Amino acid sequence: MIVLSYLAAGVCGLCAAIAGLAFALSFASWALCEPAARRGVYRPRAWFTLAIFTLLCAITCALIP
């Protein structure tokens with residue numbers, strides 16, 4: 001039974017790692033954009049992936065037995 005809780009925490013941790021990588025890549029692309037492109041409709045949205053990363057990290061910490 002404990003194995004299932006570690007599996008859930010592992011999957012959530014893996015998703016958090018993927019979200020963290022997506023945050024790093026989107027923030028780097030946002031930083032490399034020229035200032036006019038940072039405010040446009042198609043701008044990279046780094047803060048959304050940061051929020052997902054933070055939420056997944058909190059869930060992972062809550063799931064670890």
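The following exercises, with worked solutions, concern a predicted model of one protein chain.

**Exercise 1.** Determine how many helices and strands the chain has, and establish why the chain is described as spread out or compact.

*Solution.* Step one: the chain contains two helices and zero strands. Step two: its radius of gyration is 15 Å, whereas the globule rule gives 11 Å for 65 residues. The value for the chain is well over that of the rule, so the chain is more spread out than a compact globule. Step three: the C-alpha trace spans about 55 × 15 × 15 Å along its principal axes.

**Exercise 2.** Classify Leu4 and Leu50 as buried, partly exposed or exposed, and assign each residue to its helix.

*Solution.* Step one: Leu4 belongs to helix H1, residues 2–32. Its relative accessibility is 55%, and exposed means over 50%; therefore Leu4 counts as exposed. Step two: Leu4 also joins Leu7 and Val11 in a nonpolar surface patch, whose accessible area is about 300 Å² together. Step three: Leu50 lies in helix H2, residues 46–63. Because its relative accessibility is 28%, Leu50 counts as partly exposed.

**Exercise 3.** State what share of the residues is buried and how the contacts are distributed by sequence separation.

*Solution.* Step one: 17% of the 65 residues count as buried. Step two: among contacts with a separation of 6 or more, 66% are between residues 24 or more positions apart. Step three: one pair separated in sequence is Leu50 and Leu21, which are 29 residues apart along the chain, with a C-alpha to C-alpha distance of 9.7 Å.

Terms used:
Residues numbered from 1 in each chain as written. Predicted model: local features only at pLDDT ≥ 70, side-chain atom pairs only at ≥ 80, totals over all residues. Heavy atoms only, no water. Helix = DSSP H or I, 4+ residues; strand = E, 2+ residues; numbered from the N terminus. Buried < 20%, exposed > 50% of the residue type's maximum accessible area, 1.4 Å probe, protein only. Rg over C-alpha atoms; globule rule 2.2 N^0.38 Å. Contact = heavy atoms within 4.5 Å. Patch = residues over 30% accessible without salt bridge, like charges linked within 9 Å, V, L, I, M, F, W, Y side chains within 5 Å. Areas by Shrake-Rupley, 256 points an atom, 1.4 Å probe, with all protein chains shown as cover. Salt bridge = Lys/Arg side-chain N within 4 Å of Asp/Glu carboxyl O.
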